[in-house]
Amino acid sequence: MTVAARESMLAVVPDSASPELARTLDLAGYRWKAVSDRDAEEHAPPGGWAGAIVDVGTDPDGGWAFLRTIRKGGDRTFPVMLLVGGGQLGDLEHRDELFDDFCLTPFHPAELEARLRHLLANEGVEGRLVRLETERHLN
């Protein structure tokens, strides 16, 4: 296993991930790091982020700013899952290019995990994203 593969992880924006999101990602075995919209690039692992989960319900201004920054000029380097409240669905209009999929909050853990797995597999990332269970069995 390469160093880049070992270090592939998801960025979670904002840096105050909800306990529900943290628990869902941990139980699903994803490697992730909560970062602010301003320092996500600075804290990226050597191989870059495998994807991002952006909660615009928690920090709408920071979340949308982060998305505009990473998608500037049509850059789609990594897939983005957006977490949004039902009252914010109107905010998605005319912003389709900023995210790849979304999940309503509060979310059901199984739904978020399934959507994330599907998103990463479609983007060819799931194979690069090392799961903690695999690492435990190898050690």
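**Exercise 1.** In this predicted model, determine which exposed residues are carried by the face of helix H2 turned away from its buried side, and then establish how the buried residues of H2 are arranged about its axis.

*Solution.* Step one: the face of H2 that is turned away from the buried side carries Pro 19 and Leu 27, both of which are exposed. Step two: within H2, which spans residues 19–28, the buried residues are Leu 21, Ala 22, Thr 24, Leu 25 and Ala 28. Step three: viewed down the axis of H2, these buried residues fall within an arc of 165°, and therefore they line one face of the helix. Step four: the general background is that an α-helix has 3.6 residues a turn, so residues three or four places apart point the same way. Step five: beyond the helix, H2 is followed by Gly 29, which has a positive phi, near 90°.

**Exercise 2.** Explain why strand S4 is largely enclosed by the rest of the structure, and identify the strands that bridges join to S4.

*Solution.* Step one: taking buried to mean under 20% relative accessible area, 6 of the 6 residues of S4 (residues 80–85) are buried, which is why the strand is largely enclosed by the rest of the structure. Step two: both faces of S4 are covered, since Val 80, Leu 82 and Val 84 are buried on one side, and Met 81, Leu 83 and Gly 85 are buried on the other. Step three: strand S3 (residues 51–55) runs parallel to S4 and is joined to S4 by 4 bridges, with Asp 55 having Leu 83 as its bridge partner in S4. Step four: strand S5 (residues 101–105) also runs parallel to S4, the two being joined by 5 bridges, and the bridge partner of Val 84 in S5 is Leu 104.

Methods
Residues numbered from 1 in each chain as written. Predicted model: local features only at pLDDT ≥ 70, side-chain atom pairs only at ≥ 80, totals over all residues. Heavy atoms only, no water. Buried < 20%, exposed > 50% of the residue type's maximum accessible area, 1.4 Å probe, protein only. Pairing = 2+ DSSP bridges. Arc of directions from axis to C-beta.
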